[in-house]
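I opened this notebook to record what I looked up in one model. The entries go from the whole chain to single residues.

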Amino acid sequence: MQSLEGLDELYEQIVLDHYRNPRHSDLLTSPAVDIEVNNPFCGDEIRLQLKTGDDGRVSAVSVAGRGCAISQSSGSLLTELVHGKDAAGLHGTVTLVRRLMKGDPVSEAEMDALGDLSALSGVRKFPVRIKCALLAWSALEEAAEKLEQGAK
Ligand code: ZN
């Protein structure tokens, strides 16, 4: 098991739970976007798929991959935050997660919106791990850009 030093106990439980039991990890059939990203510094891989409804909002998501606990749990946590969002909403969430990981001020309401993902904020003390935590989010940013370009 990789070391998760720096995360307090409650946060560590959330991260490990998502790592061991990833949410929404089944691949989708005919997704609107299908993105693969990797983090060579740690060997993490993430594949993210989205489906959207006629209104352009996310109706289904899949995140699968392999790698360290931080990268994979972040991907699983992501799947709980994208439903019903349009491309602009996805960009907004990516920006908020980046701010959280950089240590920028995040309001209480914004923290609430992130839900369990706030568990990853302890990672920011370890710059190398920030890349792991943000990997899935870079895939989501790419996915949002493709949705804006009208991918179907
Ligand atoms: Zn990693």
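The entries below begin with the basis of the values and then turn to the fold and to selected residues.

**Basis.** I worked on a predicted model, in which local features need pLDDT of at least 70 and side-chain atom pairs count only at pLDDT 80 or more, while totals for chains, interfaces and linings use all residues. Residues are numbered from 1 along each chain as its sequence is written, and side-chain values use heavy atoms, with hydrogens and water left out.

**Fold.** I looked up the secondary structure first and noted five helices and three strands. Here helices (H or I, at least four residues) and strands (E, at least two) are DSSP runs, numbered from the N terminus. The order from the N terminus is α-β-β-β-α-α-α-α.

**Dimensions.** I then checked the extent of the C-alpha trace, which spans about 45 × 30 × 25 Å along its principal axes. The radius of gyration is 14 Å, which agrees with the value near 15 Å for a compact globule of 152 residues. That radius is taken over C-alpha atoms, and the globule rule is 2.2 Å times the number of residues to the power 0.38.

**Burial, surface and contacts.** I recorded that 43% of the 152 residues count as buried. Buried means under 20% relative accessible area, exposed over 50%, and partly exposed in between (1.4 Å probe, protein chains only). The accessible surface is about 7600 Å², and 48% of it belongs to carbon and sulfur atoms; the areas come from the Shrake-Rupley method with a 1.4 Å probe, and for residues only the protein chains shown count as cover. Of the contacts with a separation of 6 or more, 61% join residues 24 or more positions apart, where contact means heavy atoms within 4.5 Å.

**His18.** I found this residue in helix α1, residues 9–20. His18 counts as buried because its relative accessibility is 2%. Its side chain makes a polar contact of 2.7 Å with that of Ser76. A polar contact is a pair of N or O atoms within 3.5 Å; within protein, one must be able to donate a hydrogen and the other to accept it, and residues adjacent in sequence count only if both atoms are side-chain atoms. Beyond four places in sequence, His18 touches Arg23, Ser73, Ser76, Leu77, Glu80 and Asp116.

**The loop between α1 and β1.** I looked here for positive phi values in residues other than glycine. His24 lies in this loop, ahead of β1 (33–39), and has phi near 50°. At 38% relative accessibility, His24 is partly exposed. Ser30 is in the loop between α1 and β1 as well, with phi near 40°; at 64%, Ser30 is exposed.

**Val37.** I placed Val37 in strand β1 and noted that it is buried at 12% relative accessibility. Which residues does Val37 contact, leaving aside neighbours within four places in sequence? They are Asp44, Glu45, Ile46, Leu135, Ser138, Ala139 and Glu142. Val37 and Leu135 are 98 residues apart along the chain, yet their C-alpha atoms are separated by 7.1 Å.

**Val63.** I located Val63 in strand β3, residues 58–66. Val63 is buried, with a relative accessible area of 6%. Its contacts beyond four places in sequence include His24 of the loop entry above, together with Ile46, Leu48 and Gly75. The C-alpha atoms of Val63 and Leu96, 33 residues apart along the chain, are separated by 19 Å.
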